[in-house]
Amino acid sequence: FGNYKLDKSPGTVNLVLLWWQRWHIAAKIGELGYNVFVVDTDVVFFSDPYLHLKSPPLDRHNLIVQTEGALFPSVNVGMVYLQNVVQGNAALWVIQEVADRIMRRLAMEPAPVCRD
């Protein structure tokens with residue numbers, strides 16, 4: 001991670017702040033009425049994802065997220081697609097809430113500590 005750490009050491013960038021920027025920007029773009037596709041760098045597409053996202057049944061959904069785990073499925077935010085949202089839409093609220101919760105975490109003291 002180079003100079004990226006979870007603490008507030010001089011000369012480092014707080015990873016939580018980077019994470020917040022990702023979701024804050026996604027929320028702001030969604031508020032403007034644009035579709036937002038947030039993808040981690042370790043996600044690989046073997047075909048055009050828009051062929052699936054813009055076809056039934058996914059085209060009817062406003063928020064599409066990757067899941068992880070078979071026995072106890074959970075949300076994996078390595079791939080998130082926000083489409084056809086308007087102000088007040090529940091999907092847009094979720095993205096805004098993620099950004100807000102991360103910002104509240106950033107305001108907490110002491111800062112999160114990375115343990116090796």
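These are my notebook entries on the fold, one buried glutamine and the salt bridges of this predicted model.

**Entry 1: overall layout**

I started with the secondary structure. The chain has three helices and five strands. Read from the N terminus, the elements run β-β-α-β-α-β-β-α. I then looked up burial. Of the 116 residues in the chain, 26% are buried. The exposed surface comes to about 8100 Å², and carbon and sulfur atoms supply 61% of that area. I also checked how far contacts reach along the sequence. Among contacts with a separation of 6 or more, 50% join residues 24 or more positions apart.

**Entry 2: the sheet**

Next I traced an open sheet of three strands. Its order is β3-β5-β4, and the pairing is antiparallel. Which strands stand at the edges? They are β3 and β4. Each has a single partner strand, so one side of each is left without a neighbour in the sheet. On average, neighbouring strands of this sheet are turned by 35° against each other, direction ignored.

Two helices pack on this sheet. Helix α1 touches β3 and β5, and its direction makes about 165° with that of β3. Helix α3 touches β4 and β5, and its direction makes about 120° with that of β5.

**Entry 3: strand pairs**

I went through the pairs one at a time. Strand β3 covers residues 36–39 and β5 covers residues 74–82; the two pair in the antiparallel sense over four bridges. In this pair I found Val39 opposite Met79 of β5.

Strand β4 spans residues 63–68 and pairs with β5 over six bridges, again antiparallel. Here Glu68 stands opposite Ser74 of β5. The hairpin of β4 and β5 has five residues between the strands. I checked the backbone there, and Gly69 takes a positive phi near 90°.

A reminder to myself for reading these strands: in a regular strand, side chains alternate between the two faces of the sheet.

**Entry 4: Gln83**

I then followed the chain past β5. Gln83 lies in the loop between β5 and α3, the helix of residues 90–106. Is Gln83 buried or exposed? Its relative accessibility is 0%, so Gln83 counts as buried, the cut-off being under 20%.

What does the side chain of Gln83 have for polar company? One of its polar atoms lies 2.8 Å from the backbone oxygen of His61. I listed the other surroundings too, leaving out residues up to four places away in sequence. Gln83 touches Asn35, Leu53, Lys54, Leu58, Asp59, His61, Asn62 and Ile64. His61 therefore appears in both searches, as a polar partner and in the list of touching residues.

**Entry 5: salt bridges**

How many salt bridges does the structure hold? I count four.

I took Asp40 and Arg22 to begin with. Their closest N and O atoms are 2.6 Å apart. Asp40 lies in the loop between β3 and α2 (49–53), while Arg22 lies in helix α1 (residues 15–31), so the pair ties together parts that are 18 residues apart in sequence. Asp40 has 24% relative accessibility and counts as partly exposed. Arg22, at 21%, counts as partly exposed too.

Then came Lys28 and Glu31. The closest N and O atoms of this salt bridge are 3.5 Å apart. Both residues lie in helix α1, three residues apart, which is about one turn of the helix. Lys28 is partly exposed at 41% relative accessibility. Glu31 is partly exposed as well, with a relative accessible area of 28%.

I also looked up Arg104 and Glu97. This salt bridge has its closest N and O atoms 3.4 Å apart. Arg104 is partly exposed, with a relative accessible area of 48%. What about Glu97, buried or exposed? At 15% relative accessibility, Glu97 counts as buried. The pair belongs to something wider: Glu97, Arg101 and Arg104 are linked in a network of salt bridges.

How values were computed. Residues numbered from 1 in each chain as written. Predicted model: local features only at pLDDT ≥ 70, side-chain atom pairs only at ≥ 80, totals over all residues. Heavy atoms only, no water. Pairing = 2+ DSSP bridges. Buried < 20%, exposed > 50% of the residue type's maximum accessible area, 1.4 Å probe, protein only. Polar contact = N/O pair within 3.5 Å; in protein donor to acceptor, adjacent residues only side chain to side chain. Contact = heavy atoms within 4.5 Å. Salt bridge = Lys/Arg side-chain N within 4 Å of Asp/Glu carboxyl O. Areas by Shrake-Rupley, 256 points an atom, 1.4 Å probe, with all protein chains shown as cover. Axes fitted to C-alpha atoms, helices over the stretch in contact; angles between N-to-C directions.
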